Each structure stands twice: as C-alpha cells, then as structure tokens.
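Let's take a walk through this structure together. Keep the 3D view open and turn it as we go.

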Amino acid sequence: MFDSFPYDEWGEDIADFWAWGGANSTGTYIMTVLGIILMVGALYGFVILERGKLERQAEALRGAAGLGPAPPANPTGSV
Amino acid sequence: MVSSILSSLLAQAGPTIEELADQVRLDSQILTEQFYFYTVVVMWLIHVGFMAYEGGIARRKNLMSTAMKNILTIAVVTPSFYYFGWYVYGCFEEGWPKSGHASPDALPGFCGLTAPWSAGLGPNLQDHVSLVFFLAFLLFSWTTASIMSGALIERVRLSAYLLLSVVLGSFVWIMDAAWGWSSGGWLVTRFGFHDAIASLVVHGVAGAFTLGVLLNLGPRIGKYDALGRARSFRPHNLHITLMGLMLIFTGFYGFYAACLVIQSTAFPGWLNIYLSPTTLGAIAMVITFGFAGGFTGGWFASKGDPFWTLSGGLAGVISVSAGADVYHPSLAYLLSASGGMLVVWVGTWIEKSLRIDDAVGAVAVHGFSGFYGVLLVGIFAGGYPTGINNVPSSFGGQLMGMLAFLPLAFLPGYAVSWLLKRANLLRVPPEVELEGLDLAEFQQDFYPEFERVPEVIVTPDGHEVEAGPILLEDYRAVIRSRR
C-alpha cells in the first residue's frame, strides 16, 4: 500500500505483539487478575484509611470540644 | 502497441480499485477513531464542571472533600468499568436471564470483544474503533456517578461514595444501557424503547439510584428545623458554581455527539445508538434549543432564582434528549421549557415536602427529567421505527422502559447504602460534619488566609449563639429517639 517505507512489513511484525501477551493469552489473564486485585484492594484501602481519619478526628473533637486538626497518624500507620 | 505499454505502466504506477477501497476503509475507520477521541476530550469538561459546581455549592469547610469525590470517581469507575462494566454492556443485551428477544444480527461478535482480555480492549492494529468507543462509554459512566456525587455532599464518607459510584457507574447504568440503549437490547427489539441521547438510561437512572441513597443517608445537620422547615445552605463560591454549570453544558455537546455512530464505509451516515439514521446537526439543534427552553422555563417557574434558572437549562436538555434524533427544534424548545418549569416545582417539593436533602437537586434535575424525557417520546414521537427491527416507539413501550429501569436503579442504591449505613460506613461522624470534612480528611483548612467564622443561630431574645453544639445535641436527640 505504501511505497515510501515498509510500513506493511513492520505492521506484520508488531501486529501480534502486546506487552505481556496477546488477546486471550495467559499473560493477559494474569495482568487482568492483578489489575482486579489492585482495584479491590484500593477500594478496601479507601474505606479503612478514611475510617481511621474520621474516628481520630471525631475523638479529638469530643475530647477537646473545639475545632482544629487531629494529630497525624503514628508512623506505623495503625489506627 | 504504444497504448498497451502505457496502460501497463499506468496499471503498475497507480493503485488498484481494491487498494483504493482498502485505503478508503482505513481512512474511514481512522476518522471514526478521531471523532470519538475528541468527544472524550470534550466530555472531560463535564467532570471539570461537576467538580467546580459541587465545590462552589459546598460550604468552605467541605471544599476539598467535595472535589476529591469527583477526582476519585475516575480512579474507581475506570478500572471497574474496564473489568466488568463493558462486559455487562456487550453480553447482557437480552436481559438476565436471557429473554431471547434480541436480534442475533445486532452487533455480531460484540460480546466477545468486551472482556478485558479480548482483542477489542487492548492494542490492536486491526481495530481502530473498539477502544475509543469504550472510552466514550467510560465517560458516560463517570457522568452517571458524578450525577449522584453532588446530592450527597457535606456528610457522605468519601469511601462510601466511591463504593456506590462503582455500583452505579459500572453495573447499574450499563445494565440498563444494555437493555434499552443498544441496538440489540431487549427493550428496543421487543418494545421499540427509544431514548436516543440517554434521558433515562444515564440521567433518570442516576437520579433514581441517588434517591435510594439519600433515603438512607439523611439530610445534612441543620438542614431542617424542629418544625421540618428547610434551611438553605448558601454556596461558598457562587461564581465557581455557575462556571461549573457552564462547563457541564459545554461538555454536553461532546456527550451528545458521542451518543451517535459514524463510519462512512459501514453505514450511509450518522446513526443513533439503535443504528437508526439521524444527523449530527439535528441533535446539536435540539440540545441548543433545549438549553434555551430550559433556561426560560426555569427562570419563570422560579421567578428568576439563579440556581433554578441554570438547573432548568439542564433539565430542559435532559427532557428532550430521548427524542433528540427526531424532534423539530421548535418542539424541543416547547418541551424543554415545560421540563425547565416542572423541575423547579418537583425540586422544591422534594426538598420541602418530602424533606429529602438533595444538595444540588440531582433527583429532580436528572431523575425526574430523565423519566419525563422518555415519556415525551411516547407522546410526541410515537410510531417512529426504532432500531434494526424497526419496532415503532410507543407510549406503552416507553412506560415499559420506565418500569424496568426504576427498580433496576432505585433498589441497588437503597440496598447498598442501607448495608453501608448498618456497617456505620455511610456517613461521617456528626462532630466531623459540623466542623467540616476537610479538617478530618486532609488535616488542613484550604482557605488559610480567611478567618473561620462559626455558624451562629439567633435566639428569640436576639442573641447570637454558636450553632454547632446546639445542632449536635439536636442531632443526637433525633438519633436517640429512633432507637
């Protein structure tokens, strides 16, 4: 189709190449599963991290009966 | 002799008819790819607009927590729509369990291209259309979740909103799109259901889902007094709110365009989502006259209230979206004016009579107008041959779609928010709500150079007292009385 450069030849070389495998391949299945794990883990993380922040702030407000930010989480990250 | 040599040379130098046909087909696909790509770019403005709109509506103490919802919508709906949502659209057209009423010729092989590991959802030199088509639908999903976002502001937990947005954006709306917003959907092929630019399948469904959530979430503290009278929380930045709405309106042109199908070598011209002919100009006229009529109706019904004037414009457009592929501009102007007026009365009724605190009027603007829009098609476009089976659209067919989508949207919204409420994961603690979510979520005030002025209540003897402790005690008393 093109005579200025061998695009068709290059196209054939790369047509089947996907990073970590082509369609319906083991590599793609693995990447899909890993992506789903990240997605579910992130949703769980949003819930847990926010719950910790809100509970700390609510406790601080109940104790001090005033406004102002709560102290940051301890370095271990536990809440 | 000479002529045979010349013809031989010409034959060698020039492309054959087959090669030209291949080139035209490739050009057509690439133009389609570019078209959907730029609709996606324009549709981003809807989300810029939602963020500005809701951020401006929120009180200053809740600015960043409000904006963060809009930003993280993209973080959670994108992967969930990729891994699950698109498959629902591609493979559940016949209903679940299968109704057996879809046409087998709708889009052959489409289901197989919607799994995340398929050739349709990865780099593929042979396919210029699937990925941009997916992206357009993904932007619709963000929009659907963002419609809910504004209604819940200032008291919902960020994480609860994100979980709800996954359910709405990657399951609920796309299931109804499979049923009633695809060429092979059972509501289309059997009942001629017609909702060309998604009055109901995006807006109405998002509004009904939101209503279910609001019933469990409850109003913001201080929204209603002891006698049940509604209090108005003023936007902390009205200019940003108005600009956000104008950005949403701009993005709607991309949304409308993305609802059409175009590929010159496969179809004779522009098609709606049901693969019935229309034109880009027709729908652009309807959206423009929809805004005009909606603004007009909203202004008069609200006696010039700025919030309801602009919301009336949105409601006007949504009211005529379902029939945007067939309506005359004058008809769109008339119908959208009625939609813009009705939404003011419905929104006020929801707030003051039902005592549902919908911070941005989403249930009225999107929910009511979405259902109203498909009803109008049954009245004003009855008989129009919808979809590849050419089933006439009808009042009954439109009602069938409404009856199918109302529970499909409302029940999951109510059920999931009820579960979150039972787990104490739906709403922020009352102390945090009164102080403002930004300090709890981000440990900082985002307007540091402005003094925080506590809300006050004027007592009957004329003294101003701080509202927080009174509202908190009142809220606790209400909770205790329910136990």
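Start in a loop of chain B: B:Leu275 sits between α8 and α9. Its backbone is worth a look, as phi is near 70° there, a positive value in a residue that isn't glycine. Keep in mind throughout that this is a predicted model.

A second residue of this kind turns up further along chain B. B:Arg355, also not a glycine, has a positive phi of about 55°, and its place is the loop between α11 (329–352) and α12 (362–380). Is B:Arg355 buried, partly exposed or exposed? Its relative accessibility is 45%, so it goes down as partly exposed, given that this class runs between 20% and 50%.

Now step back and take in chain B as a whole. It holds 16 helices and four strands. Along its principal axes, the C-alpha trace spans about 115 × 45 × 45 Å. What would you expect for the radius of gyration? A compact globule of 483 residues would come out near 23 Å, and chain B has 25 Å, so the two agree. As for cover, 55% of the 483 residues count as buried. The accessible surface of the chain comes to about 19,800 Å², with 68% of that belonging to carbon and sulfur atoms. Look at the contacts with a separation of 6 or more, too: 77% of them are between residues 24 or more positions apart.

Back to α8 of chain B, the helix on one side of our opening loop. It covers residues 238–258, and at 1.5 Å a residue those 21 residues should span 30 Å; the end C-alpha atoms are 30 Å apart, so the expectation holds. At the start of the helix, a side-chain oxygen of B:Asn237 comes to within 3.3 Å of the backbone nitrogen of B:His239. Further in, the buried residues of α8 include B:Leu245, B:Ile248, B:Phe249, B:Phe252 and B:Phe255, with glycines among them such as B:Gly244, B:Gly251 and B:Gly254. What covers these buried residues? The cover includes α2 (17–57), α4, α7 (199–217), α9 (280–301) and α10 (306–321), all of chain B.

One residue of α8 deserves a closer look, namely B:Tyr256. Its relative accessibility is 2%, so it counts as buried. Setting aside neighbours within four places in sequence, B:Tyr256 is in contact with B:Ile197, B:Ile283, B:Ile287, B:Val317, B:Val320, B:Ser321 and B:Ala324. With B:Ser321 there is also a polar contact of 2.5 Å, side chain to side chain. And if you trace the backbone, the C-alpha atom of B:Tyr256 is 8.7 Å from that of B:Leu280, 24 residues away along the chain.

Next comes α4 of chain B, part of the cover over α8. Its 22 residues, 130–151, should span 32 Å at 1.5 Å a residue, and the end C-alpha atoms are 33 Å apart, so this agrees as well. The helix is mostly covered, with 20 of its 22 residues buried. Pick out B:Val132 in this helix: with a relative accessibility of 8%, it counts as buried. Beyond residues up to four places away in sequence, B:Val132 touches B:Glu33, B:Tyr36 and B:Phe37. B:Phe37 is 95 residues away along the chain, yet the two C-alpha atoms are separated by 5.9 Å.

For another buried spot, go to the loop between β2 (391–392) and α13 (395–422) of chain B, where you'll find B:Ser393. It's a loop residue, but its relative accessible area is 2%, so it counts as buried. What does B:Ser393 touch? Leaving out residues up to four places away, the list is B:Gly192, B:His194, B:Ala381, B:Gly382, B:Gly383, B:Tyr384 and B:Thr386. In the case of B:Ala381, the backbone oxygen lies 2.8 Å from a polar atom of the B:Ser393 side chain.

Finally, bring chain A into view. Here 31 residues of chain A are in contact with 36 residues of chain B. The two chains bury about 2,900 Å² between them, 71% of it on carbon and sulfur atoms. On the chain A side, A:Trp18, A:Glu50 and A:Leu54 lose the most area to chain B, together 20% of what that side buries.

Key:
Residues are numbered from 1 along each chain as its sequence is written. Chains are lettered from A and ligands numbered from 1 in the order in which they are written. This is a predicted model: local features need pLDDT of at least 70, side-chain atom pairs count only at pLDDT 80 or more; totals for chains, interfaces and linings use all residues. Side-chain values use heavy atoms; hydrogens and water are left out. Helices (H or I, at least four residues) and strands (E, at least two) are DSSP runs, numbered from the N terminus. The expected span of a helix is 1.5 Å times one less than its number of residues. Buried means under 20% relative accessible area, exposed over 50%, partly exposed in between (1.4 Å probe, protein chains only). Contact means heavy atoms within 4.5 Å. A polar contact is a pair of N or O atoms within 3.5 Å; within protein, one must be able to donate a hydrogen and the other to accept it, and residues adjacent in sequence count only if both atoms are side-chain atoms. The radius of gyration is taken over C-alpha atoms; the globule rule is 2.2 Å times the number of residues to the power 0.38. Accessible areas come from the Shrake-Rupley method with a 1.4 Å probe; for residues, only the protein chains shown count as cover. Buried area is the accessible area (1.4 Å probe) that two parts lose on being put together, summed over both.
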